[in-house]
Amino acid sequence: MGRFDRAVRLSPGIILVGTALLLLSRGGPSPVAGALDETGQIEKYLLLALAWAAYGAVHSAMISETATGLLKRSLGSAFRFYRLFFNVVATVLLVPLVSYSMSLRRGLVVHWDGLWLVVRYALVAVGVLLFVAGGRHYRLSQFIGINQLRGTPSGGLAAGGGIDSRGVLGAIRHPWYAGLVLLLWARDLAIADLVVSSVLTVYILVGTLLEERKLVHEFGDAYRSYQRRVSMFVPVKWLNLVLEGKRR
């Protein structure tokens, strides 16, 4: 756990170093280098990466086991408002970030064209399908915080008091996160988009590991068994089972 915690704390720095290397690499002619020469605003892209990394750090801190445990003890029954408060804060903080990102969006460096459009539409279709399939298990009212206010059962992974591995949750453990990563990259990308998509992809990976740790703490061996049976993002284990079934 100690090494994992250090990796999480270092992740914003890793994001920034990677972004800096991307922006400062001018070894030869490329769409990225050309766009950078045109804008001459490397510092703004580094600031953009820092802003999104900071957003991810704040987001994770607000829902960490340490923070939520402390608030549960301090707020008592009023803690039921916290999920809604968390979502409001997360949404409000997104407004200036998205606005700043859009202000830097110029000069596409990745453009899906020709036969690549087929790949793009396939990625979008899979991403949307993962959201729809995941939505059959995760309630929007739970995600927003309405269920918590009403004191109604949350459903989701713990539906029925155990681990829900029906449907898409029997193929991958995090369909919404996987779908979001696909949609982040299945679009035409300017440099600002590359920065944002890279930061958010790293954040999703780190955030998923943090969530997995909380789920192991909550469900113990039941979730460890689920991890052994079902892949995190790519349904490799599910495909192996399907292929083994066909061979028999």
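In this predicted model, the second largest pocket encloses about 180 Å³ of space. Its lining is formed by Leu123, Val126, Leu130, Val168, Ala171, Ile172, Ala178, Val181, Leu182, Phe233, Pro235 and Trp238. By class, these residues comprise 12 nonpolar, no polar and no charged. Two helices, H6 (116-135) and H9 (175-185), each contribute at least two residues to the lining of this pocket.

Helix H6 was examined further. This helix consists of 20 residues, and the distance from its first C-alpha to its last is 29 Å, close to the 28 Å expected at 1.5 Å a residue. Its buried residues are Arg120, Gly127, Leu130, Ala133 and Gly134. Viewed down the helix axis, the buried residues of H6 fall within an arc of 165°, so they line one face of the helix. An α-helix has 3.6 residues a turn, so residues three or four places apart point the same way. The face of H6 turned away from the buried side bears the exposed residues Val118, Tyr121, Leu129 and Val132. Leu130 belongs to the buried set of H6 and is also one of the residues that line the second largest pocket.

The loop between H6 and helix H7 (140-144) contains His137. With a relative accessible area of 10%, His137 falls under the 20% limit and is therefore buried. A polar atom of the His137 side chain lies 3.4 Å from the backbone oxygen of Arg166.

A second buried position is found in helix H10 (residues 191-219), which includes Asp193. The relative accessible area of Asp193 is 7%, and this residue is therefore classed as buried. Asp193 and Val110 stand 83 residues apart along the chain, while their C-alpha atoms are separated by 9.6 Å.

With regard to the overall architecture, the chain contains 12 helices and two strands. From the N terminus on, these elements follow the order α-α-α-α-α-β-α-α-α-α-β-α-α-α. Of the 248 residues in the chain, 34% are buried.

Besides its pockets, the structure was searched for cavities. One cavity of 30 Å³ or more is present, and the volume of the largest cavity is about 40 Å³. The residues lining the largest cavity are Tyr55, Val58, His59, Met62, Phe86, Val89, Ala90 and Leu93. This lining comprises seven nonpolar, one polar and no charged residues. Helix H3 (42-62) and helix H5 (82-103) each provide at least two residues of the lining of the largest cavity.

The geometry of H3 was also assessed. Its 21 residues should span 30 Å at 1.5 Å a residue, and the end C-alpha atoms of H3 are 30 Å apart, which agrees with that expectation. The buried residues of H3 are Ile42, Tyr45, Leu48, Ala49, Trp52, Ala53, Tyr55, Gly56, His59, Ser60 and Met62. Among them, Tyr55, His59 and Met62 also take part in lining the largest cavity.

Terms used:
Residues numbered from 1 in each chain as written. Predicted model: local features only at pLDDT ≥ 70, side-chain atom pairs only at ≥ 80, totals over all residues. Heavy atoms only, no water. 1 Å grid on protein atoms, 1.4 Å probe; cavity = no way out; pocket = protein on both sides within 12 Å on 5 of 7 lines; lining within 4 Å. Points joined across faces, edges and corners; volume = space filled by probe spheres on them. Helix = DSSP H or I, 4+ residues; strand = E, 2+ residues; numbered from the N terminus. Nonpolar A, V, L, I, M, F, W, Y, C, P; charged D, E, K, R; others polar. Buried < 20%, exposed > 50% of the residue type's maximum accessible area, 1.4 Å probe, protein only. Polar contact = N/O pair within 3.5 Å; in protein donor to acceptor, adjacent residues only side chain to side chain. Expected span 1.5 Å × (residues − 1). Arc of directions from axis to C-beta.
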